[in-house]
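Reader: I'd love a close look at one part of this model, the strand that is mostly covered. Could you walk me through that strand and its partner, and then place them in the chain around them?

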Amino acid sequence: MKEVKKLRKKRSEKGFTLVELMIVIAIIAILAAVAISQYSTYKEKAQAKDLINLARNCAQDIVAECQIDPSFKNVGQLESCTKSGQVGKYLFDVSIKYATTANATSNFIAIANTTSVALCDDDGFAIGATGKVGSASGNDYYEICRVESDFDMYCEQIKKGTI
């Protein structure tokens with residue numbers, strides 16, 4: 001009887017069966033696949049944050065100029081509003097556009113570049129920045145910042161295809 005107990009004890013100490021190991025490997029593979037896809041999305045959005053900074057910096061510079069000179073119209077003289085092409089390490093084909101709130105719709109494409117528009121009026125204004133993230137053939141992102149007449153700023157990031 002003691003010999004049977006010793007044999008059973010030895011079998012249980014040997015480890016996992018092949019089926020158990022394959023199930024664990026399958027679970028790990030599924031978790032890795034989900035994690036990798038989420039990581040790439042997270043990485044792209046993090047790289048697109050530079051676009052947010054471009055639009056906000058331009059909007060803040062316009063607000064500062066409007067407070068100094070309420071008749072300010074020449075956005076082209078502000079360095080932060082004239083960036084284009086490749087900006088930084090991850091943004092390509094960058095373009096910054098601006099318009100009065102009355103001329104800007106929720107669709108970024110409708111925001112037109114006009115260098116002589118009065119952005120300091122009572123209606124406020126909108127700044128739109130667009131760029132490709134990651135490479136020159138990367139995904140398009142849009143950043144739209146609306147500045148209300150009381151200079152409160154509301155920004156929204158949109159990936160192409162969600163407009």
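**A covered strand and its partner**

Author: Happily! Strand β4, made of residues 139-147, is mostly covered, with seven of its nine residues buried. Please keep in mind as we go that this is a predicted model.

The partner you ask about is strand β3, residues 125-133, which pairs with β4 in the antiparallel sense over nine bridges. To find your place in that pairing, look for G128, which stands opposite I144 in β4. The two strands form a hairpin, and five residues lie between them. Within that turn, G134 has a positive phi of about 95°.

Since we are on backbone angles, another residue deserves a glance. D93 also has a positive phi, of about 50°, although D93 is not a glycine. You will find D93 in strand β2, which covers residues 91-100. With a relative accessibility of 46%, D93 falls between the cut-offs of 20% and 50%, so D93 counts as partly exposed.

Now for the wider setting. The protein chain has two helices and five strands, and along the sequence they follow the pattern α-α-β-β-β-β-β. Against the mostly covered β4, here is the figure for the whole chain: 30% of its 163 residues count as buried. Among contacts between residues at least 6 apart in sequence, 51% join residues at least 24 apart. The accessible surface comes to about 10700 Å², and carbon and sulfur atoms account for 55% of that.

For a contrast with the covered strand, turn to the surface. V19, I23, I27 and L31 make a nonpolar patch of about 400 Å². One of these, L31, is found in helix α2. L31 counts as exposed because its relative accessibility is 56%, over the 50% cut-off.

Finally, a word on confidence. Helix α2 (residues 18-68) has the highest mean pLDDT among the elements of the chain, at 88, while helix α1 (residues 2-12) has the lowest, at 60. For the chain as a whole the mean pLDDT is 76, and 75% of the residues reach 70 or more. Over residues 106-112 pLDDT stays under 50, and for this stretch the model has 21 contacts beyond four places in sequence. Where pLDDT is low, the predicted coordinates should not be read in detail.

Notes: Residues numbered from 1 in each chain as written. Predicted model: local features only at pLDDT ≥ 70, side-chain atom pairs only at ≥ 80, totals over all residues. Heavy atoms only, no water. pLDDT = per-residue confidence, 0-100. Helix = DSSP H or I, 4+ residues; strand = E, 2+ residues; numbered from the N terminus. Contact = heavy atoms within 4.5 Å. Buried < 20%, exposed > 50% of the residue type's maximum accessible area, 1.4 Å probe, protein only. Areas by Shrake-Rupley, 256 points an atom, 1.4 Å probe, with all protein chains shown as cover. Patch = residues over 30% accessible without salt bridge, like charges linked within 9 Å, V, L, I, M, F, W, Y side chains within 5 Å. Salt bridge = Lys/Arg side-chain N within 4 Å of Asp/Glu carboxyl O. Pairing = 2+ DSSP bridges.
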